[in-house]
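Visitor: Could you take me through one part of this protein in detail, and show how that part sits within the whole? I would like a careful, connected account.

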Amino acid sequence: MRLLTLRTPAGNANGTVAVRQDGTTLTEIDAFADVGELLKDSAWESIAAAANGATHPLEGADLAPVVPFPGKIICVGHNYRNHIKEMGRDIPEYPTLFAKYQESLIGPNDDLALPQESDTVDWEAELAVVIGKKGRRISEADAKDYIAGYSVLNDVSMRDYQFRTIQWLQGKTWENSTPFGPALVTRDEFTAGPLMTSAVDGEVQQSTPTGDLVFTPEFLVSYISTIITLNPGDVIATGTPGGVGHAQDPKRYLQEGQILVTTIEGLGQLSNRVVKEA
């Protein structure tokens, strides 16, 4: 299944509703404001499959971040060998973890805020893992059972703020800077390995199979759940491959008016115009 969060005047107090995509039609999953809310019900798969609410055309749909209010967004740095090499690092023994917050998320077609305070805004295409079941100290062998599905995310980074200190958070969670969506594709319909790309104004910058990870989604679920309980709707951003602007010579960063397109085969595409924040 493909599950999305649709903005609609008839939605809940947040103006959204969870929907199932059937080809070019979106079907409302009644009583659930967004995909994150849906995942909190242990019967979410059967509820979504049986939904027969109001329908909407996919074309022109105003989509919110697929999980608008995740309890946790845990990101992984240095998880693709070609990116590790271009940044001059060694292959890590353990995952490098940092956090984002929900205020950073935008929908798959929303404007991406270029802050006044940074002129080194960089792209980072990523495979996102969405948790579907609560768990702590999950074994790697069982981890797949805790994954609801996968989505596309771009961990847009303000490099000047990121490298002010050895801790990265301040460069990674700027408001309205992280495209996420368009859909949660359930794990039965996606196998890690398809090509992931990012392009700026049509020029491809990153192009790497999602299977080229140092630490797999299952390992990350197990490792992170050793530290903290994972809950339905939590998001793990699994890292970016080589081709970021900061590693190029000369360095390249996002500019006002550019279009950043992030694609993972089988999952979908984000297309975000870069707009200077007022």
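Guide: For the charges, Lys and Arg count as positive and Asp and Glu as negative, while His and the chain ends are not counted. On that basis the protein has 22 positive and 37 negative charges, whose mean positions are 6 Å apart. The model is a predicted one, and the part to look at closely is helix α5, which covers residues 217-227.

The setting comes before the helix. The protein has 5 helices and 18 strands, and its radius of gyration is 18 Å, close to the 19 Å that the globule rule gives for 278 residues, so the protein is as compact as a globular protein of that length. Along the principal axes, the C-alpha trace spans about 55 × 45 × 30 Å. Of the 278 residues, 55% count as buried, and of the contacts with a separation of 6 or more, 74% are accounted for by residues 24 or more positions apart. The accessible surface comes to about 11,700 Å², with 49% of it belonging to carbon and sulfur atoms.

Within α5, the residues Pro217, Leu220, Val221, Ser222, Ile224 and Ser225 are buried. The cover over these buried residues includes several strands, namely β5 (73-77), β6 (96-100), β10 (125-131), β11 (147-154) and β16 (235-237).

The helix also takes part in the largest nonpolar core, which has 28 residues and in which Val221, Ile236 and Leu267 are those with the most contacts inside it. At least two residues of this core come from each of β5, β10, β11 and α5, and β10 gives the most, with 4 residues. Apart from this core lies another, of 26 residues, with Phe32, Leu39, Ala128 and Trp168 among them.

Leu267 deserves a separate word: leaving aside its neighbours within four places in sequence, this residue is in contact with Arg2, Leu127, Tyr150, Ser151, Val152, Pro182, Val185 and Phe190.

A last stop is Ala64, placed in the loop between β4 (55-57) and β5. Ala64 has a relative accessible area of 3%, and because buried means under 20%, Ala64 is buried. Although Ala64 and Thr5 are 59 residues apart in sequence, they are 5.5 Å apart in space, C-alpha to C-alpha. Beyond its neighbours within four places in sequence, Ala64 is in contact with Thr5, Arg7, Thr16, Gly107, Pro108 and Phe180.

Methods. Residues numbered from 1 in each chain as written. Predicted model: local features only at pLDDT ≥ 70, side-chain atom pairs only at ≥ 80, totals over all residues. Heavy atoms only, no water. Rg over C-alpha atoms; globule rule 2.2 N^0.38 Å. Buried < 20%, exposed > 50% of the residue type's maximum accessible area, 1.4 Å probe, protein only. Contact = heavy atoms within 4.5 Å. Areas by Shrake-Rupley, 256 points an atom, 1.4 Å probe, with all protein chains shown as cover. Charge placed at Lys NZ, Arg CZ, Asp CG, Glu CD. Core = buried A, V, L, I, M, F, W, Y, C linked by side-chain atoms within 4.5 Å.
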